[in-house]
Amino acid sequence: MASAVLFVAFIIGIASAWARGLTIDCGCFGGGGYDPDAAEKYPWEIARDVALLAGSLFVATVGHRGRWALDHVLFRRTPLES
């Protein structure tokens with residue numbers, strides 16, 4: 001669920017930069033700093049983060065019960081000793 005909160009923060013941050021007319025590259029997937037074409041990339045970056053947010057929420061709510069889930073391996077319950 002922490003990843004969902006981070007994706008929401010990224011979406012808000014990108015939307016804020018776009019609304020204020022800033023042309024920056026965050027540096028997450030590149031060099032960072034001034035980017036004259038950043039405003040054209042903002043809609044795609046927001047769409048990417050919305051898709052990743054949806055995937056994160058899916059895994060947090062439904063995905064942990066699937067066939068390929070590793071919760072039963074990682075968080076194995078051991079019987080209490082008397």
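Author: A nonpolar core is a set of buried Ala, Val, Leu, Ile, Met, Phe, Trp, Tyr and Cys residues joined through side-chain atoms within 4.5 Å, and buried means under 20% relative accessible area, with exposed over 50% and partly exposed in between (1.4 Å probe, protein chains only). In this predicted model, local features need pLDDT of at least 70 and side-chain atom pairs count only at pLDDT 80 or more, while totals for chains, interfaces and linings use all residues. Residues are numbered from 1 along each chain as its sequence is written, and side-chain values use heavy atoms, with hydrogens and water left out.

Reader: Then which residues make up the largest nonpolar core?

Author: Ala4, Phe7, Ile11, Ile14, Ala17, Ala38, Tyr42, Ile46 and Leu53, 9 residues in total. Helices α1 and α2 each put in at least two of them, and α1 gives the most, with 5 residues. As a rule of thumb, nonpolar side chains in soluble globular proteins tend to be buried together.

Reader: What pattern does the protein chain follow along the sequence?

Author: The pattern is α-β-β-α-α, made of 3 helices and 2 strands. Those labels are DSSP runs numbered from the N terminus (helices are H or I, at least four residues; strands are E, at least two). Of the chain's 82 residues, 17% count as buried.

Reader: How do you know how much to trust the protein chain, and where is confidence lowest?

Author: Look at pLDDT, the predictor's confidence in each residue, from 0 to 100. The chain averages 79, and 74% of the residues score at least 70. Strand β2 (residues 33-34) has the lowest confidence, with a mean of 66, whereas α1 has the highest, at 90. Where pLDDT is low, the predicted coordinates should not be read in detail.

Reader: What makes the reach of helix α2 close to the expected one?

Author: The expected span is 1.5 Å times one less than the number of residues. Helix α2 (residues 38-61) has 24 residues, and its first and last C-alpha atoms are 34 Å apart, close to the 34 Å expected.

Reader: And what do the buried residues of α2 pack against?

Author: They pack against α1 (2-19) and β1 (24-25). The buried set in α2 is Ala38, Tyr42, Glu45, Ile46, Asp49, Leu53 and Ser56.

Reader: Why is Ser56 called buried?

Author: Its relative accessible area is 11%, below the cut-off, so Ser56 counts as buried. This serine is in helix α2. Skipping neighbours within four places in sequence, Ser56 is in contact (heavy atoms within 4.5 Å) with Ser3, Ala4 and Phe7. Seen from the other side, and again leaving out residues up to four places away, Ala4 touches Leu53, Ser56 and Leu57.

Reader: What makes the pair of Ser3 and Ser56 a polar contact?

Author: The test is a pair of N or O atoms within 3.5 Å; within protein, one must be able to donate a hydrogen and the other to accept it, and residues adjacent in sequence count only if both atoms are side-chain atoms. The side chains of Ser3 and Ser56 are joined at 2.4 Å, which makes the cut. The backbone nitrogen of Ala4 also sits 3.4 Å from a polar atom of the Ser56 side chain.

Reader: Why does Arg48 count as partly exposed?

Author: Arg48 has 32% relative accessibility, which falls between the two cut-offs, so partly exposed is the label. Arg48 is in helix α2, and its side chain makes a polar contact with that of Asp49, at 3.3 Å. Arg48 and Phe7 are 41 residues apart in sequence, with 9.7 Å between their C-alpha atoms.

Reader: How do you know which label Ala2 gets, buried or exposed?

Author: Ala2 has a relative accessible area of 57%, over the upper cut-off, so Ala2 is exposed. Ala2 is in helix α1. In sequence Ala2 and Ser56 are 54 residues apart, and C-alpha to C-alpha they are 9.0 Å apart. Ser3, also found in α1, is partly exposed at 33%.
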